[in-house]
Amino acid sequence: GQLEAAFEDCKKALGRRAIEQLGYVKDVNSLVVLTDGVVTLYPSPTFAPPTLLTQAKGAMSFGIDTSIQYSNEASDPASNAGQGVPSVVTRLAVGCKRKIVIYTWKDGEAQEVKELNLPHSPRSVVFSTSTTLVLSYTHTDHVLLKLPMMSTTEIALPAPPPASGSTGISAMGMGAFSGLGGYMTLGLGAKAKPAVYKVNDDGEFVVLKDAFVKPYMLSIIPPGSIPLPSSKTSGRPPSAVPAAPAAPTTYQTPCIQIASTLSLSTTQIVPYPFSGDPSNLQKLAGTTASPASTTSVRVLSASPSAKSPLFATSTPVDRTAAAAEGTTVWAFTMADWGEQIDELVDAGSYADALALLDTLDTAALPDKEQRKAHIRGLHAVSVFSEGKYMEAIKTFIDLDINPAKVIALYPETIAGRLSVPRPKWIELYGGKPPKSASTDPDDKPSPAAGSTEGSTTNKIAGQLLAAVDAVVPALGDAIPSLSSSKDDDTRSIRSTTVGPNTGSVGPKGKDKTKDDYQRSIENLLVYLGDRRPKFSGALQTFGITPAKAPELPNLSETSVDELFALPNQPPPSLIPEQLLRYAQIVDTALFKSYLVVRPSLVGSLCRLDNWCEVAEVEEVLKERKKFSELIDLYKTKKMHEKALLLLQDLSEDEDDPREKVDPTALYLQRLNVQYLPLIFNWTNWVLELSPERALKIFTSDEVDFPTKDVATYLAGRDLTLCARYVEYLMEEKHEESALFHNWLAEIYLDLTTEAINHNDTSFFEARAILLGRLGKHEAALDIYVNRLNDYSAAE
């Protein structure tokens with residue numbers, strides 16, 4: 001995948017003076033050369049015959065752009081993707097004295113040349129998009145040129161704050177070159193052009209004051225501007241005894257400041273004299289021996305391409321010393337991309353690491369996609385801790401993060417045993433916790449925190465935001481920080497128990513901590529709602545449904561470490577055991593979340609098939625006195641014994657026997673036939689308090705119980721109830737089986753015998769009725785009058 005270059009030929013005397021700029025137009029296979037104010041096209045590989053661009057006399061710079069455009073050129077080419085006929089369009093924009101000249105080739109054919117007069121001469125020309133140019137007149141005066149309309153718009157650059165002593169921002173950038181004149185070799189006395197570089201294909205560009213090595217900007221900071229990392233102010237009171245001269249608190253030599261174009265933050269300060277790892281820094285030429293304080297340093301214009309070497313020169317300010325010692329050239333090489341990204345991740349600068357990754361391709365970093373997924377997860381945790389819950393949730397969904405790790409970010413009221421304290425969040429997601437800045441004034445910043453003093457390497461390395469405070473605190477007001485604190489309404493989740501010294505009270509007196517907690521759970525419901533159908537659907541493909549939950553292992557049987565070790569993968573790629581655990585985690589968290597933010601909907605959730613771990617929620621439901629919901633959950637999970645025990649406990653609050661047993665009887669009469677032993681067992685308790693209600697369990701129309709089994713059970717408990725049950729079968733169910741008719745006769749006989757033995761009056765009533773039906777009315781009347789004393793019945 002690496003490009004190889006080989007020397008082919010040498011062409012001399014292309015111009016009378018030094019070549020100022022080179023370019024290449026692929027459409028016409030020609031080299032573009034700017035020299036002595038003239039732009040010439042040299043066809044490759046012969047370089048003959050040259051084509052002089054006569055309309056571009058007095059040229060100062062040029063820019064080249066090649067893009068695919070469609071038939072409607074008046075619109076944004078990106079919006080015409082897939083429409084019209086595509087064409088390869090190359091534009092060469094030449095900045096001349098007070099005008100810009102645009103040369104265009106469409107599919108290799110030259111188009112009409114366009115010109116636009118300008119108020120000033122563009123000394124730098126850069127394409128930010130295929131139809132937009134950035135023209136730089138001076139280091140502070142820039143405009144945008146829209147090619148379709150050939151109109152310009154001024155670019156308003158942020159004004160630097162006023163200087164304060166020796167640490168003012170005015171000492172930075174091009175202003176740093178003031179006073180650095182004198183005898184300079186290698187053409188260093190030439191006036192530098194304004195530096196503008198394209199950052200990406202989205203139209204972003206960066207305006208620099210010194211050098212640019214993608215994606216870093218480099219500037220020279222003069223002596224006395226950068227405080228030493230270990231500098232501190234003495235707290236001793238004034239003394240009458242003259243004190244020894246104070247040690248310098250700033251670098252007394254020029255420093256190279258390296259800043260990121262991605263985060264606009266300082267990443268490294270390299271003070272002169274340079275020293276460090278020879279693999280990163282080399283003295284290419286010269287033997288400067290002058291004191292560092294009398295030496296000027298300059299960064300040479302480097303190639304803006306990624307990982308281009310950085311060259312700097314050091315020259316004695318004294319003319320005699322400069323003539324004797326000459327100029328020393330230093331070369332800096334960039335650290336490995338992976339090392340830079342690791343530094344950013346270790347420092348907690350996840351957004352910057354992702355931005356840097358986006359500038360790279362897989363050829364430069366083979367494991368780019370794996371790193372990106374990992375860092376996105378860490379960044380999601382970071383923004384979650386800042387209160388940006390929905391942003392984090394969307395990333396968790398996109399990355400198919402293990403649900404156990406997502407729920408672990410919540411307190412125990414939601415996550416239970418999965419809850420992880422905030423300091424351990426980053427470690428949970430495979431990162432290292434960012435090192436906090438030391439509060440001890442005697443502590444020196446470590447190299448990892450951005451210190452350059454005593455560093456073993458001088459390299460262009462990751463954007464360590466902590467370095468802004470640790471190395472250049474005096475410039476803190478001038479350099480915007482990306483890690484500034486957010487508003488109160490985007491704080492991270494805190495404990496649900498708000499004490500007198502916790503949380504904050506908003507302008508309306510509403511506790512913001514509670515609001516923040518509620519908002520975090522509402523956003524969690526979005527995550528759970530997305531994951532739930534996916535996991536359930538994947539389980540169904542294996543024939544696994546919540547109805548089989550009682551036969552499957554409980555979530556509590558798996559350790560927390562095993563749950564956290566489950567992979568971050570989309571549901572279709574998971575095995576059934578992993579899907580089951582994920583479904584259990586999601587549904588359990590869903591129940592707990594509903595209890596906090598939507599308690600009225602818990603009941604409907606309990607009545608639906610689910611993978612909730614009952615042991616995790618039953619105590620919470622009891623505490624909130626949501627007994628009917630808990631009974632529904634027991635029933636859904638086929639935990640009928642627990643449901644019946646709870647109903648029995650609740651019946652203690654009732655005085656009427658019928659009201660005591662009615663909920664239990666209603667539950668029993670709706671159970672399936674497969675639970676018949678359980679039904680018989682709990683009917684015993686109902687029989688003791690209300691035989692009439694116990695009989696209705698078996699005579700309801702909700703379930704067709706096996707009649708023989710029920711009759712046998714009732715016969716063993718109460719013959720009268722059994723007789724009534726068999727009568728019900730004959731009258732209501734039209735039972736014609738001889739078995740039940742004979743059985744009823746036997747029951748009558750047994751009841752009659754028992755009544756005779758106990759001189760039961762009910763036996764005489766039955767005899768009177770039977771005698772009346774046989775036509776023996778006198779005998780029947782005798783029983784009514786003399787035995788039962790029931791004269792109304794005798795009449």
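The largest cavity in this predicted model has a volume of about 90 Å³. Twelve positions need not be read as one stretch; the lining draws on I407, I414, A415, R417, L418, L555, L563, I585, T588, A589, K592 and E616. Two helices, α7 (412-415) and α12 (576-597), each supply at least two residues of this lining. The main contributor is α12, which gives the most, with four residues. By residue class, the lining of the largest cavity divides into eight nonpolar, one polar and three charged.

The search of the whole structure returned two cavities of 30 Å³ or more. The second largest cavity holds about 50 Å³ of space. Its lining consists of P546, A547, A549, P550, D609, N610, T636, K637 and K638. Here the residues of the lining divide into four nonpolar, two polar and three charged.

Disulfides were examined next. A disulfide is a covalent bond between the sulfur atoms of two cysteines. The search of the whole structure found zero disulfides. For C606, the closest cysteine sulfur is in C612. The two sulfurs are 7.6 Å apart, so they are too far for a bond. A disulfide would need the pair of sulfur atoms within 2.5 Å. Seen from the other side, C612 is in no disulfide, and its nearest cysteine sulfur is that of C606. Both cysteines lie out of reach of solvent by the criterion of under 20% relative accessible area. C606 is buried, with a relative accessible area of 0%. C612 also counts as buried, at 3% relative accessibility.

A buried acidic position was then considered. D400 sits in the loop between α5 (389-399) and α6 (403-407). At 15% relative accessibility, D400 counts as buried, because the cut-off for burial is under 20%. The side chain of D400 makes a polar contact with the side chain of R531, at 2.8 Å. R531 is also among the residues in contact with D400 once neighbours within four places in sequence are left aside. The others in that set are N568, Q569, P570 and P571. D400 is thus a buried loop residue whose side chain has a polar partner in R531.

How values were computed
Residues numbered from 1 in each chain as written. Predicted model: local features only at pLDDT ≥ 70, side-chain atom pairs only at ≥ 80, totals over all residues. Heavy atoms only, no water. 1 Å grid on protein atoms, 1.4 Å probe; cavity = no way out; pocket = protein on both sides within 12 Å on 5 of 7 lines; lining within 4 Å. Points joined across faces, edges and corners; volume = space filled by probe spheres on them. Nonpolar A, V, L, I, M, F, W, Y, C, P; charged D, E, K, R; others polar. Buried < 20%, exposed > 50% of the residue type's maximum accessible area, 1.4 Å probe, protein only. Polar contact = N/O pair within 3.5 Å; in protein donor to acceptor, adjacent residues only side chain to side chain. Contact = heavy atoms within 4.5 Å.
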